[in-house]
Amino acid sequence: MKTLLTKICPICKLVFEKPKTCGMPEWNLKRKFCSRNCDNIWRKGKNFSPSTQFSKERHFVPPTAFREGQRPSIKTEFKKGNVPWTAGNKLSVEHYKKLKNAGFFDPKYGDKSGNWKGGRTALGKLIRSCKNYKEWRLKIFIRDNYSCVWCNARSCAGNKVIIHADHIKPFCEIIEENNITNIHEALICEELWDINNGRTLCFPCHKKTLTYLINQYTKKILRCPESIIRCAGKSALKR
(Lines give C-alpha, C1' and ligand atoms only; values in the text may rest on other atoms or scores of the structure.)
Protein backbone atom coordinates (compact mmCIF):
# COMPACT_ATOMS: atom_id res chain seq x y z
CA MET A 1 0.00 0.00 0.00
CA LYS A 2 1.12 3.54 -0.73
CA THR A 3 2.00 5.67 2.26
CA LEU A 4 0.08 8.94 2.49
CA LEU A 5 2.08 12.14 2.80
CA THR A 6 0.94 14.33 5.68
CA LYS A 7 1.80 17.68 7.21
CA ILE A 8 0.78 19.59 10.33
CA CYS A 9 -0.86 22.97 9.78
CA PRO A 10 1.07 25.62 11.79
CA ILE A 11 -2.14 27.60 12.47
CA CYS A 12 -4.76 25.05 13.58
CA LYS A 13 -2.36 22.13 14.28
CA LEU A 14 -4.48 19.88 12.07
CA VAL A 15 -2.86 16.94 10.28
CA PHE A 16 -3.80 17.05 6.57
CA GLU A 17 -2.95 14.75 3.69
CA LYS A 18 -1.47 15.56 0.30
CA PRO A 19 -4.26 16.08 -2.30
CA LYS A 20 -4.14 14.01 -5.48
CA THR A 21 -4.10 17.16 -7.64
CA CYS A 22 -1.09 18.59 -5.81
CA GLY A 23 2.30 17.85 -7.34
CA MET A 24 5.41 17.03 -5.35
CA PRO A 25 7.19 20.38 -6.01
CA GLU A 26 4.14 22.29 -4.80
CA TRP A 27 3.70 19.98 -1.81
CA ASN A 28 7.33 20.32 -0.70
CA LEU A 29 7.77 24.05 -1.30
CA LYS A 30 4.41 25.85 -1.24
CA ARG A 31 1.73 23.81 0.52
CA LYS A 32 2.05 24.68 4.24
CA PHE A 33 -1.55 25.15 5.45
CA CYS A 34 -4.55 22.87 5.54
CA SER A 35 -6.96 25.41 4.06
CA ARG A 36 -7.19 28.88 2.56
CA ASN A 37 -8.59 30.27 5.80
CA CYS A 38 -5.41 29.32 7.69
CA ASP A 39 -3.35 30.84 4.89
CA ASN A 40 -5.30 34.12 5.19
CA ILE A 41 -4.86 34.15 8.97
CA TRP A 42 -1.10 33.76 8.55
CA ARG A 43 -0.94 36.54 5.93
CA LYS A 44 -3.00 39.00 7.97
CA GLY A 45 -0.90 41.87 9.29
CA LYS A 46 2.27 40.91 7.39
CA ASN A 47 4.09 43.39 5.16
CA PHE A 48 5.32 41.82 1.96
CA SER A 49 8.00 43.23 -0.32
CA PRO A 50 6.90 45.80 -2.94
CA SER A 51 7.90 43.41 -5.74
CA THR A 52 5.27 40.85 -4.64
CA GLN A 53 2.47 43.28 -3.77
CA PHE A 54 -0.25 44.02 -6.30
CA SER A 55 -0.43 47.59 -7.52
CA LYS A 56 -2.43 49.31 -10.24
CA GLU A 57 0.75 50.78 -11.70
CA ARG A 58 2.24 47.33 -12.24
CA HIS A 59 -1.01 45.86 -13.58
CA PHE A 60 -0.73 44.87 -17.23
CA VAL A 61 -2.57 47.19 -19.60
CA PRO A 62 -2.98 46.01 -23.21
CA PRO A 63 -1.59 48.41 -25.83
CA THR A 64 -5.03 48.72 -27.46
CA ALA A 65 -6.71 49.96 -24.27
CA PHE A 66 -7.87 53.59 -24.11
CA ARG A 67 -5.89 55.82 -21.80
CA GLU A 68 -7.47 58.33 -19.42
CA GLY A 69 -8.93 61.23 -21.38
CA GLN A 70 -8.55 59.49 -24.73
CA ARG A 71 -11.64 59.31 -26.95
CA PRO A 72 -12.35 56.60 -29.48
CA SER A 73 -13.51 57.37 -32.99
CA ILE A 74 -16.43 59.83 -33.08
CA LYS A 75 -18.23 57.65 -35.61
CA THR A 76 -17.99 54.46 -33.58
CA GLU A 77 -18.12 55.69 -29.98
CA PHE A 78 -21.26 55.21 -27.90
CA LYS A 79 -23.60 58.18 -28.04
CA LYS A 80 -25.79 58.89 -25.04
CA GLY A 81 -29.47 58.39 -25.80
CA ASN A 82 -28.81 56.39 -28.97
CA VAL A 83 -31.31 53.54 -29.41
CA PRO A 84 -29.97 50.52 -31.36
CA TRP A 85 -32.02 49.24 -34.27
CA THR A 86 -32.45 45.84 -32.57
CA ALA A 87 -34.18 47.33 -29.51
CA GLY A 88 -37.69 45.97 -29.12
CA ASN A 89 -37.44 43.66 -32.14
CA LYS A 90 -38.52 40.23 -30.97
CA LEU A 91 -39.49 37.13 -32.91
CA SER A 92 -43.17 36.32 -32.96
CA VAL A 93 -44.28 33.02 -31.48
CA GLU A 94 -45.25 31.65 -34.88
CA HIS A 95 -41.94 32.65 -36.46
CA TYR A 96 -39.99 31.14 -33.56
CA LYS A 97 -41.88 27.83 -33.87
CA LYS A 98 -41.18 27.67 -37.62
CA LEU A 99 -37.47 28.21 -37.06
CA LYS A 100 -37.40 25.64 -34.27
CA ASN A 101 -39.23 23.02 -36.30
CA ALA A 102 -36.86 23.63 -39.22
CA GLY A 103 -33.87 22.98 -36.93
CA PHE A 104 -32.51 26.54 -37.11
CA PHE A 105 -31.41 26.53 -33.46
CA ASP A 106 -29.89 23.01 -33.58
CA PRO A 107 -26.07 22.72 -33.65
CA LYS A 108 -24.70 22.59 -37.19
CA TYR A 109 -21.84 20.11 -37.11
CA GLY A 110 -21.04 16.80 -38.76
CA ASP A 111 -23.50 15.69 -41.42
CA LYS A 112 -25.87 18.52 -40.40
CA SER A 113 -23.44 21.17 -41.63
CA GLY A 114 -23.97 22.80 -45.02
CA ASN A 115 -20.33 22.09 -45.94
CA TRP A 116 -20.55 18.36 -45.13
CA LYS A 117 -19.07 16.20 -47.91
CA GLY A 118 -19.05 12.79 -46.28
CA GLY A 119 -16.06 13.27 -43.97
CA ARG A 120 -13.57 14.30 -46.65
CA THR A 121 -11.44 16.28 -44.20
CA ALA A 122 -10.85 13.22 -42.04
CA LEU A 123 -9.92 11.26 -45.17
CA GLY A 124 -7.40 13.92 -46.19
CA LYS A 125 -5.73 13.80 -42.77
CA LEU A 126 -5.62 10.01 -42.98
CA ILE A 127 -3.95 10.08 -46.40
CA ARG A 128 -1.40 12.74 -45.39
CA SER A 129 -0.40 10.73 -42.33
CA CYS A 130 0.12 7.40 -44.14
CA LYS A 131 3.50 5.93 -45.07
CA ASN A 132 3.02 6.39 -48.85
CA TYR A 133 2.47 10.13 -48.50
CA LYS A 134 5.60 10.57 -46.38
CA GLU A 135 7.63 8.61 -48.95
CA TRP A 136 6.14 10.71 -51.79
CA ARG A 137 7.10 13.90 -50.00
CA LEU A 138 10.62 12.65 -49.24
CA LYS A 139 11.22 11.70 -52.90
CA ILE A 140 10.26 15.22 -53.99
CA PHE A 141 12.59 16.80 -51.43
CA ILE A 142 15.49 14.58 -52.55
CA ARG A 143 14.82 15.25 -56.24
CA ASP A 144 14.80 19.04 -55.67
CA ASN A 145 17.78 18.88 -53.28
CA TYR A 146 15.68 20.28 -50.41
CA SER A 147 15.54 23.65 -52.20
CA CYS A 148 12.67 25.81 -53.38
CA VAL A 149 12.25 25.41 -57.15
CA TRP A 150 11.25 29.08 -57.50
CA CYS A 151 13.70 31.06 -55.37
CA ASN A 152 16.31 28.33 -54.64
CA ALA A 153 15.98 28.97 -50.89
CA ARG A 154 17.46 26.28 -48.68
CA SER A 155 18.13 25.85 -44.99
CA CYS A 156 21.69 26.47 -43.84
CA ALA A 157 23.53 27.39 -40.67
CA GLY A 158 21.72 30.31 -39.06
CA ASN A 159 18.97 30.42 -41.70
CA LYS A 160 16.04 28.03 -41.34
CA VAL A 161 13.78 27.73 -44.39
CA ILE A 162 10.47 25.88 -44.14
CA ILE A 163 9.79 23.85 -47.30
CA HIS A 164 6.54 22.25 -48.44
CA ALA A 165 5.79 19.49 -50.94
CA ASP A 166 3.23 21.28 -53.10
CA HIS A 167 0.73 19.55 -55.40
CA ILE A 168 0.76 21.09 -58.88
CA LYS A 169 -2.68 19.62 -59.42
CA PRO A 170 -4.64 20.23 -56.20
CA PHE A 171 -4.91 17.37 -53.74
CA CYS A 172 -8.68 17.76 -53.38
CA GLU A 173 -9.23 17.60 -57.16
CA ILE A 174 -7.37 14.31 -57.41
CA ILE A 175 -9.53 12.81 -54.68
CA GLU A 176 -12.72 14.07 -56.34
CA GLU A 177 -11.86 13.02 -59.92
CA ASN A 178 -10.80 9.50 -58.88
CA ASN A 179 -13.80 9.12 -56.51
CA ILE A 180 -11.58 8.23 -53.56
CA THR A 181 -13.70 7.52 -50.49
CA ASN A 182 -11.31 5.57 -48.23
CA ILE A 183 -7.63 5.01 -47.57
CA HIS A 184 -7.50 1.74 -49.55
CA GLU A 185 -8.65 3.46 -52.74
CA ALA A 186 -6.09 6.21 -52.15
CA LEU A 187 -3.19 3.73 -51.86
CA ILE A 188 -3.90 2.19 -55.28
CA CYS A 189 -4.40 5.55 -57.04
CA GLU A 190 -1.31 6.13 -59.21
CA GLU A 191 -2.05 9.81 -59.88
CA LEU A 192 -2.01 10.57 -56.17
CA TRP A 193 1.56 9.28 -55.75
CA ASP A 194 3.04 10.68 -58.97
CA ILE A 195 6.15 12.68 -58.03
CA ASN A 196 5.87 14.66 -61.29
CA ASN A 197 2.78 16.28 -59.77
CA GLY A 198 4.82 17.57 -56.82
CA ARG A 199 7.37 20.32 -56.33
CA THR A 200 9.35 21.73 -53.43
CA LEU A 201 8.40 25.27 -52.43
CA CYS A 202 9.33 27.39 -49.46
CA PHE A 203 6.48 28.74 -47.38
CA PRO A 204 6.49 32.30 -48.88
CA CYS A 205 6.52 30.93 -52.44
CA HIS A 206 3.84 28.38 -51.60
CA LYS A 207 1.51 31.19 -50.57
CA LYS A 208 2.00 32.83 -53.98
CA THR A 209 0.66 29.85 -55.94
CA LEU A 210 -2.79 29.99 -57.51
CA THR A 211 -3.85 26.77 -55.76
CA TYR A 212 -2.83 27.80 -52.22
CA LEU A 213 -5.68 27.44 -49.70
CA ILE A 214 -8.34 26.34 -52.16
CA ASN A 215 -11.45 25.54 -50.17
CA GLN A 216 -12.22 21.90 -50.83
CA TYR A 217 -15.96 22.52 -50.47
CA THR A 218 -16.57 25.73 -52.42
CA LYS A 219 -13.70 25.21 -54.93
CA LYS A 220 -12.99 28.94 -54.86
CA ILE A 221 -9.55 30.55 -54.80
CA LEU A 222 -9.31 32.52 -51.57
CA ARG A 223 -6.65 34.88 -52.91
CA CYS A 224 -6.92 37.38 -55.75
CA PRO A 225 -4.99 36.11 -58.84
CA GLU A 226 -3.84 39.66 -59.69
CA SER A 227 -2.12 40.04 -56.33
CA ILE A 228 -0.50 36.64 -56.80
CA ILE A 229 0.82 37.67 -60.21
CA ARG A 230 2.33 40.82 -58.72
CA CYS A 231 4.00 38.84 -55.95
CA ALA A 232 5.15 35.77 -57.83
CA GLY A 233 5.81 37.22 -61.27
CA LYS A 234 5.09 35.77 -64.68
CA SER A 235 8.12 33.47 -64.57
CA ALA A 236 6.84 31.78 -61.43
CA LEU A 237 3.44 31.14 -62.96
CA LYS A 238 4.96 29.57 -66.10
CA ARG A 239 6.72 26.98 -63.97
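**Figure 1. The buried salt bridge between Arg-199 and Asp-166**. Arg-199 counts as buried, at 11% relative accessibility. Buried means under 20% relative accessible area, exposed means over 50%, and partly exposed lies in between (1.4 Å probe, protein chains only). Its partner, Asp-166, is also buried, at 5%. The two side chains meet in a salt bridge of 2.9 Å, N to O. A salt bridge here is a side-chain nitrogen of Lys or Arg within 4 Å of a carboxyl oxygen of Asp or Glu. The pair links distant parts of the chain: Arg-199 sits in strand 4 (residues 198-202) and Asp-166 in strand 3 (residues 163-167), 33 residues apart. Helices (H or I, at least four residues) and strands (E, at least two) are DSSP runs, numbered from the N terminus. The model is predicted, local features need pLDDT of at least 70, side-chain atom pairs count only at pLDDT 80 or more, and totals for chains, interfaces and linings use all residues. Residues are numbered from 1 along each chain as its sequence is written, and side-chain values use heavy atoms, with hydrogens and water left out.

**Figure 2. Other salt bridges**. The structure holds six salt bridges. In one, the side chains of Arg-43 and Asp-39 meet at 3.1 Å, N to O. Both residues lie in helix 2 (residues 36-43), four residues apart, about one turn of the helix. An α-helix has 3.6 residues a turn, so residues three or four places apart point the same way. Arg-43 is partly exposed, with a relative accessible area of 40%. Glu-26 forms a salt bridge with Arg-31, and their closest N and O atoms are 3.4 Å apart. Glu-26 is partly exposed at 34%. Arg-31 is partly exposed at 26%. Lys-169, Glu-177 and Glu-191 are linked in a network of salt bridges.

**Figure 3. The largest nonpolar core**. A nonpolar core is a set of buried Ala, Val, Leu, Ile, Met, Phe, Trp, Tyr and Cys residues joined through side-chain atoms within 4.5 Å. This one has 17 residues. Ile-127, Trp-136, Ile-175, Ile-180, Leu-192 and Trp-193 touch the most other members. Helix 4 (120-128), helix 5 (131-143), helix 6 (171-177) and helix 7 (183-187) each give two or more residues to the core. Helix 5 gives the most, with four residues.

**Figure 4. Around Leu-192, and a second core**. Which residues does Leu-192 contact, leaving aside its neighbours within four places in sequence? They are Ile-127, Trp-136, Phe-171, Ile-174, Ile-180 and Ala-186. Contact means heavy atoms within 4.5 Å. A second, separate core has seven residues, among them Ala-153, Val-161, Leu-201 and Cys-202.

**Figure 5. His-184 on helix 7**. His-184 lies in helix 7. His-184 counts as exposed, at 60% relative accessibility. His-184 and Ile-127 are 57 residues apart in sequence, yet 9.6 Å apart in space, C-alpha to C-alpha.

**Figure 6. Helix 3 and a nonpolar surface patch**. Helix 3 is hardly covered: the count of buried residues among its nine residues is zero. Gly-103 follows this helix, and its phi is positive, near 80°. Phe-104 is found in the loop between helix 3 (93-101) and helix 4. Phe-104 counts as exposed, at 53% relative accessibility. Leu-91, Tyr-96, Phe-104 and Phe-105 form a nonpolar patch on the surface, with about 430 Å² of accessible area together. Patches are made of residues with over 30% relative accessible area and no salt bridge; like charges are joined within 9 Å, nonpolar side chains (Val, Leu, Ile, Met, Phe, Trp, Tyr) within 5 Å. Accessible areas come from the Shrake-Rupley method with a 1.4 Å probe; for residues, only the protein chains shown count as cover.

**Figure 7. Two cysteines, Cys-22 and Cys-156**. Cys-22 is buried, with a relative accessible area of 4%. Cys-156 counts as partly exposed, at 49%. A search of the whole structure finds zero disulfides (pairs of cysteine sulfur atoms within 2.5 Å).

**Figure 8. The chain as a whole**. The chain has 10 helices and four strands. Buried residues make up 21% of its 239 residues. The chain exposes about 19300 Å², and carbon and sulfur atoms supply 56% of that area.
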